[in-house]
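Student: Please give me a close look at one position in this model, chosen for what surrounds it. From there, I would like the account to widen until the position can be placed within the chain as a whole.

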Amino acid sequence: MMDAFDLLPRLGPAIVLAAIAIETIVSGAADAAAAQAGIPVALWSWITDRGFYLKNPTAYEVIEHVLPAISGRDMPKAEPDLWRALETLRKSRNKFVHEGKLLIDGQPATIATVTGLLERASRAM
């Protein structure tokens, strides 16, 4: 996540790298939570690797649905501000990557809004 801050003032790349960092952190945390919960490796593999990436749960689906079931931590309910930051990061990343528009909450991104979003998202992890 710190590398995303290092990319500033390049706003789009900073957003993309932050989203990748979140996805990586969530993947590792989910794997550890599954192992700690005693979920069989074959079942966990089936849940997380469906043979085609569009069938796999996204990091945000893992946070919202899978982690609460296996770890008891329900970020969207327990920490709605952090969850909103991650959702905003996801939406901003997708808008930038797929449409070439860098928006945060529907407004053109600035260095201040991107920095604030990165700070909020980093607190979620």
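Tutor: Ile 111 lies in helix α7 of what is a predicted model. With a relative accessible area of 44%, Ile 111 is partly exposed, because this value falls between the 20% limit for buried and the 50% limit for exposed residues. Setting aside neighbours within four places in sequence, Ile 111 is in contact with Leu 8, Pro 9 and Leu 11. Trp 83 is 28 residues away from Ile 111 along the chain, and the C-alpha atoms of these two residues are separated by 21 Å.

The helix of Ile 111 also bears on the interior. The largest nonpolar core has 34 residues, and those with the most contacts inside it are Tyr 60, Met 75, Leu 86, Leu 89, Val 114 and Leu 118. At least two residues of this core come from each of α1 (2-7), α2 (11-36), α4 (59-71), α6 (80-99) and α7 (111-124). The greatest contribution, ten residues, is that of α2.

Met 75 shows how parts of the chain meet in this core. Residues up to four places away in sequence not being counted, Met 75 touches Ile 63, Pro 80, Leu 82, Trp 83, Leu 86, Ala 124 and Met 125.

Two residues of α6 may be set beside Ile 111. Ser 92 lies in this helix and is buried, its relative accessible area being 1%. The side chain of Ser 92 reaches the backbone oxygen of Leu 103 at 2.8 Å. Leu 103 is also among the residues that Ser 92 touches beyond four places in sequence, together with Ile 15, Lys 101, Leu 102, Ile 104 and Leu 117. Glu 87, likewise in α6, has 18% relative accessibility and therefore counts as buried, the limit being 20%. The side chains of Glu 87 and Arg 90 are joined by a polar contact of 3.1 Å. In an α-helix, residues three or four places apart point the same way, because there are 3.6 residues a turn.

Helix α4, another contributor to the core, departs from a straight course. It bends by about 40° at His 65, with a proline, Pro 68, following within four residues. Its end C-alpha atoms span only 15 Å, whereas a straight helix of 13 residues would span 18 Å at 1.5 Å a residue. Ala 59, Tyr 60, Val 62, Ile 63, Val 66 and Leu 67 are the buried residues of α4, and their cover includes α2, α3 (41-48), α5 (75-78) and α6. Just after α4, Gly 72 takes a positive phi of about 85°.

The chain as a whole contains seven helices and two strands, arranged along the sequence as α-α-α-α-α-α-β-β-α. Its radius of gyration is 15 Å, which agrees with the value near 14 Å for a compact globule of 125 residues. The C-alpha trace spans about 45 × 30 × 25 Å along its principal axes. Of the contacts with a separation of 6 or more, 61% join residues 24 or more positions apart. Buried residues make up 34% of the chain; Ser 92 is buried, whereas Ile 111 is partly exposed.

Definitions and conventions: Residues numbered from 1 in each chain as written. Predicted model: local features only at pLDDT ≥ 70, side-chain atom pairs only at ≥ 80, totals over all residues. Heavy atoms only, no water. Core = buried A, V, L, I, M, F, W, Y, C linked by side-chain atoms within 4.5 Å. Buried < 20%, exposed > 50% of the residue type's maximum accessible area, 1.4 Å probe, protein only. Contact = heavy atoms within 4.5 Å. Expected span 1.5 Å × (residues − 1). Bend = angle between axes of the 7 residues up to and from the residue. Polar contact = N/O pair within 3.5 Å; in protein donor to acceptor, adjacent residues only side chain to side chain. Rg over C-alpha atoms; globule rule 2.2 N^0.38 Å.
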